[in-house]
Amino acid sequence: MREELQDNVKRLVNFMNFARSFFKRKNPFKALIVSLLTSLKEMLTIRQKLKMAKYRVNYHKHQLYKMESLIAESNEHTFLKGKNLNETR
């Protein structure tokens, strides 16, 4: 009976040492706090990121519109239409 009790205490002490060294190595509470802080920072800056994304989309739309207008201007079907019409008259 006494040997079983000593074995169980030894196992418990061994487990406690293992748990303590795990907490020293990994520190799950610190990791939890860091992840909570980063998610809070993400939540607080989401509006600014949304504004930047809208700005980028509008900028790219503007660039696309400029390219399309330049292509339309230099397209021979629209560029020479009046000249061809004048030559046929």
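User: Why is Asn27 called partly exposed?

Analyst: Asn27 has a relative accessible area of 31%. The label goes by cut-offs: buried is under 20%, exposed is over 50%, and partly exposed is what lies in between (1.4 Å probe, protein chains only). At 31%, Asn27 therefore gets the middle label. Before we go on: this is a predicted model, where local features need pLDDT of at least 70 and side-chain atom pairs count only at pLDDT 80 or more, while totals for chains, interfaces and linings use all residues. Residues are numbered from 1 along each chain as its sequence is written, and side-chain values use heavy atoms, with hydrogens and water left out.

User: What makes the phi of Asn27 worth a look?

Analyst: Its phi is positive, about 50 degrees, although Asn27 is not a glycine. Most residues other than glycine have a negative phi. As for where it sits, Asn27 is in the loop between H1 and H2, just after H1.

User: How do you know that the length of helix H1 agrees with its residue count?

Analyst: The expected span is 1.5 Å times one less than the number of residues. For the 25 residues of H1 (residues 2–26) that gives 36 Å, and the end C-alpha atoms are 36 Å apart, so the two agree. Helices here are DSSP runs of H or I with at least four residues, strands are runs of E with at least two, and both are numbered from the N terminus.

User: Why do you say H1 lies largely in the open?

Analyst: Of its 25 residues, the number buried is one, so "largely in the open" fits. For the whole protein chain of 89 residues, 1% count as buried.

User: What makes Leu12, Phe15, Met16 and Phe18 a nonpolar patch?

Analyst: Patch members need over 30% relative accessible area and no salt bridge; nonpolar side chains (Val, Leu, Ile, Met, Phe, Trp, Tyr) are joined within 5 Å, like charges within 9 Å. These four form such a patch on the surface, with about 450 Å² of accessible area together. That area comes from the Shrake-Rupley method with a 1.4 Å probe, and for residues only the protein chains shown count as cover. One of the four, Phe15, is found in helix H1.

User: Why is the Phe22 and Phe23 pair called edge-to-face?

Analyst: Rings of Phe, Tyr and Trp (its six-membered ring) pair if their centres lie within 6.5 Å; planes under 30 degrees apart are stacked, over 60 edge-to-face, the rest tilted. That rule gives two aromatic pairs. For Phe22 and Phe23, the centres are 5.8 Å apart and the planes at 75 degrees, so the pair is edge-to-face.

User: And why is the pair of Phe23 and Phe29 called stacked?

Analyst: Here the centres are 5.7 Å apart and the planes at 10 degrees, so stacked it is. Phe22, Phe23 and Phe29 form one aromatic cluster. Phe29 counts as exposed at 55%, whereas Phe23 is partly exposed at 37%.

User: How do you know that Glu42 forms a salt bridge with Lys49?

Analyst: A salt bridge asks for a side-chain nitrogen of Lys or Arg within 4 Å of a carboxyl oxygen of Asp or Glu. In Glu42 and Lys49 the closest N and O atoms are 2.7 Å apart, and the pair qualifies. The structure holds one salt bridge. Glu42 is partly exposed at 44%, and so is Lys49 at 41%.

User: Which helix has the lowest mean pLDDT?

Analyst: Helix H5 (residues 81–88), at 54, while helix H2 (residues 28–44) has the highest, 94. pLDDT is the predictor's confidence in each residue, from 0 to 100. Where pLDDT is low, the predicted coordinates should not be read in detail.
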